[in-house]
Amino acid sequence: MNWRNITGFILFGIGTALWFLAFAYRMLITSDIPVNFTPEESSFAQRFFISSGYLFF
């Protein structure tokens, strides 16, 4: 196993973990619980998805 495979595996794992965190955060702020969230929180969740996408691919 060379360094490119190891690096790809690590980035894939980090990207997948960030995606799960972003999904959980989005579900929290859009759940049925009456919680007010700001546009900053929504954009934070979107940046989670973008960064996990970059690491995933």
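**Helix α1 and its aromatic cluster in a predicted two-helix chain**

Ile10 is located in helix α1. The model is predicted. The relative accessibility of Ile10 is 47%, so this residue counts as partly exposed. Ile10 also contributes to a nonpolar surface patch, together with Ile6, Phe9, Leu11 and Ile14. The area of this patch is about 470 Å².

The protein chain contains 2 helices and 0 strands. Of its 57 residues, 14% count as buried. The exposed area of the chain is about 4,800 Å². Carbon and sulfur atoms supply 70% of that area.

Helix α1 covers residues 3–29, a run of 27 residues. The length of the helix was compared with expectation. At 1.5 Å a residue, α1 should span 39 Å. The C-alpha atoms at its ends are 39 Å apart, so the model agrees with the expected span. Four names make up the buried set of α1: Gly15, Leu18, Ala22 and Ile29.

Aromatic side chains were examined next. A pair of aromatic rings is described by two quantities, the distance of the centres and the angle of the planes. The pairing rule gives a count of 2 aromatic pairs. In one of them, Trp19 and Phe20 place their ring centres 5.2 Å apart. Their planes meet at 75°; an angle over 60 degrees counts as edge-to-face, so this pair is edge-to-face. Trp19 also pairs with Phe23, and here the rings are stacked. The centres of Trp19 and Phe23 lie 5.4 Å apart, with 10° between the planes. These two residues are 4 residues apart in helix α1, which means that about one helical turn separates them. Trp19, Phe20 and Phe23 together form one aromatic cluster.

The members of the cluster were then assigned to accessibility classes. Trp19 has a relative accessible area of 37% and is therefore partly exposed. For Phe23 the value is 32%, so Phe23 is partly exposed. Phe20 has a relative accessibility of 51%; exposed means over 50%, so Phe20 counts as exposed.

Trp19, found in helix α1, was also considered in relation to a residue distant in sequence. Trp19 and Gly53 are 34 residues apart along the chain. Their C-alpha atoms are separated by 7.6 Å.

Helix α2 comprises residues 39–56 and includes Ser43. Ser43 has a relative accessibility of 30%, so Ser43 counts as partly exposed. The side chain of Ser43 reaches the backbone oxygen of Glu40 at a distance of 2.9 Å.

Conventions. Residues numbered from 1 in each chain as written. Predicted model: local features only at pLDDT ≥ 70, side-chain atom pairs only at ≥ 80, totals over all residues. Heavy atoms only, no water. Expected span 1.5 Å × (residues − 1). Buried < 20%, exposed > 50% of the residue type's maximum accessible area, 1.4 Å probe, protein only. Patch = residues over 30% accessible without salt bridge, like charges linked within 9 Å, V, L, I, M, F, W, Y side chains within 5 Å. Areas by Shrake-Rupley, 256 points an atom, 1.4 Å probe, with all protein chains shown as cover. Salt bridge = Lys/Arg side-chain N within 4 Å of Asp/Glu carboxyl O. Phe/Tyr/Trp six-rings, centres within 6.5 Å; stacked < 30°, edge-to-face > 60°. Polar contact = N/O pair within 3.5 Å; in protein donor to acceptor, adjacent residues only side chain to side chain.
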